[in-house]
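Trainee: I'm new to this one. Could you walk me through how to read it, feature by feature?
Mentor: Sure, ask away once it's on screen.

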Amino acid sequence: MANSASAQPSPAPAGADGETRRDFLLYSTVAFGAVGTAMMVWPLIDSMNPAADTLALSTTEFNLSGVQEGQGVVIIWRGKPVFVRYRTQKEIDDARAVALADLIDPAKDEDRVQKDQDKYLILVGVCTHLGCIPLGSKAMETRGEYGGWFCPCHGSHYDTSGRIRKGPAPANLEVPPYTFISDTTVRIG
Ligand code: FES
């Protein structure tokens, strides 16, 4: 009489062939899994890299040689207006004559400009109240009661250092990061 056990398929041998097949399947699965994960993640990682045009816009260079003493201009940096004013000596003196105790947001003028280029005042041109763009950069625009900028939205007055002097704005106009890369060229950002 035949042994019924002998009619059953033999279990996979515990030897080298069986182990090798299982290991191959396991490794293949892991390898495909890793590749699949990498393929899914790469577009995500790649999308997190700033695009070249975004990098180009993160800094803006501006040639100041065309700006006359007393004149202001507006340039765009990262989609925001930036005020550049070539201040007269009187405007600088006026800014420095103010006692810090009289300021809403105390800050020295000397700390808001660069030492060797302190005639140039460079500011983010966004009112710190609710974000309007103050007047005072173009000829014929009012500069407010303190000779700097005036925000007509709710009546904030900034001085010749861009400091808030009157009105609802709580803080001075922001000074952006910038570097002079020559006597006449400034890089903002
Ligand atoms: S947004 Fe400038 S005063 Fe309100």
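Trainee: Is strand 3 mostly enclosed or open to the outside, and why?
Mentor: Keep in mind that we're looking at a predicted model. A residue counts as buried when its relative accessible area is under 20%. In strand 3, six of the seven residues are buried, so the rest of the structure largely encloses this strand.

Trainee: Which strands pair with strand 3?
Mentor: On one side of the pairing list there's strand 2, antiparallel to strand 3 over six bridges. Then there's strand 4, which also pairs with strand 3 in the antiparallel sense, over five bridges. Follow valine 84 to see both pairings: its bridge partner in strand 2 is valine 73, and its bridge partner in strand 4 is isoleucine 122.

Trainee: What happens at the turn in the hairpin of strand 2 and strand 3?
Mentor: Two residues sit between those strands, and arginine 78 takes a positive phi near 50 degrees.

Trainee: How do I read a nonpolar core?
Mentor: The general idea is that in soluble globular proteins, nonpolar side chains tend to be buried together. Here, the largest nonpolar core has 16 residues. Those touching the most other members are Phe62, Leu64, Val82, Val84, Ile122, Val186 and Ile188. At least two residues of this core come from each of strand 2 (72–77), strand 3 (80–86), strand 4 (120–124), strand 8 (178–180) and strand 9 (185–188). You'll recognise Val84 and Ile122 from that list as the bridge partners we just met.

Trainee: Which residues does leucine 64 contact, beyond its neighbours within four places in sequence?
Mentor: Val84, Tyr120, Phe180, Thr184 and Val186. There's also a second, separate core, made of 11 residues, with Val113, Cys127, Cys151 and Ala169 among them.

Trainee: And what about charged side chains?
Mentor: Side chains of opposite charge can pair when their charged atoms come close. The count in this model comes to 10 salt bridges. One of them joins glutamate 61 to arginine 187, with the closest N and O atoms 3.0 Å apart. Glutamate 61 belongs to strand 1 (residues 60–63) and arginine 187 to strand 9, so to speak a link between distant parts of the chain, 126 residues apart.

Trainee: Are those two residues buried or partly exposed?
Mentor: Partly exposed: glutamate 61 has a relative accessible area of 46%, and arginine 187 comes in at 31%.

Trainee: Where should I look for a salt bridge between buried residues?
Mentor: Try arginine 87 and aspartate 109, whose closest N and O atoms are 2.7 Å apart. Arginine 87 is in the loop between strand 3 and helix 4 (89–96), while aspartate 109 is in the loop between helix 4 and strand 4, so their salt bridge ties together parts 22 residues apart in sequence. Arginine 87 is buried, at a relative accessible area of 1%, and aspartate 109 is buried at 1% too. Both belong to a network of salt bridges that links Arg87, Arg96, Asp109 and Asp118.

Trainee: What does glutamate 91 pair with?
Mentor: With arginine 143, at 3.4 Å from N to O. Glutamate 91 lies in helix 4, and arginine 143 lies 52 residues away in the loop between strand 4 and strand 5 (147–151). Glutamate 91 is buried, with a relative accessible area of 11%, whereas arginine 143 counts as partly exposed at 21%.

Trainee: Let's zoom out. How many helices and strands does the chain have?
Mentor: Four helices and nine strands. From the N terminus, the order is α-α-α-β-β-β-α-β-β-β-β-β-β. Of the 189 residues, 32% are buried. The accessible surface is about 11600 Å², and carbon and sulfur atoms account for 60% of that.

Trainee: Which stretches call for caution?
Mentor: Where pLDDT is low, the predicted coordinates should not be read in detail. The chain's average pLDDT is 81, and 70% of the residues score at least 70. Over residues 1–16, though, pLDDT is below 50, and this stretch has three contacts beyond near neighbours in sequence. Residues 24–50 stay under 50 as well, with one contact beyond four places in sequence.

Notes
Residues are numbered from 1 along each chain as its sequence is written. This is a predicted model: local features need pLDDT of at least 70, side-chain atom pairs count only at pLDDT 80 or more; totals for chains, interfaces and linings use all residues. Side-chain values use heavy atoms; hydrogens and water are left out. A nonpolar core is a set of buried Ala, Val, Leu, Ile, Met, Phe, Trp, Tyr and Cys residues joined through side-chain atoms within 4.5 Å. Buried means under 20% relative accessible area, exposed over 50%, partly exposed in between (1.4 Å probe, protein chains only). Contact means heavy atoms within 4.5 Å. Two strands pair if DSSP finds at least two bridges between them. Accessible areas come from the Shrake-Rupley method with a 1.4 Å probe; for residues, only the protein chains shown count as cover. A salt bridge is a side-chain nitrogen of Lys or Arg within 4 Å of a carboxyl oxygen of Asp or Glu. pLDDT is the predictor's confidence in each residue, from 0 to 100.
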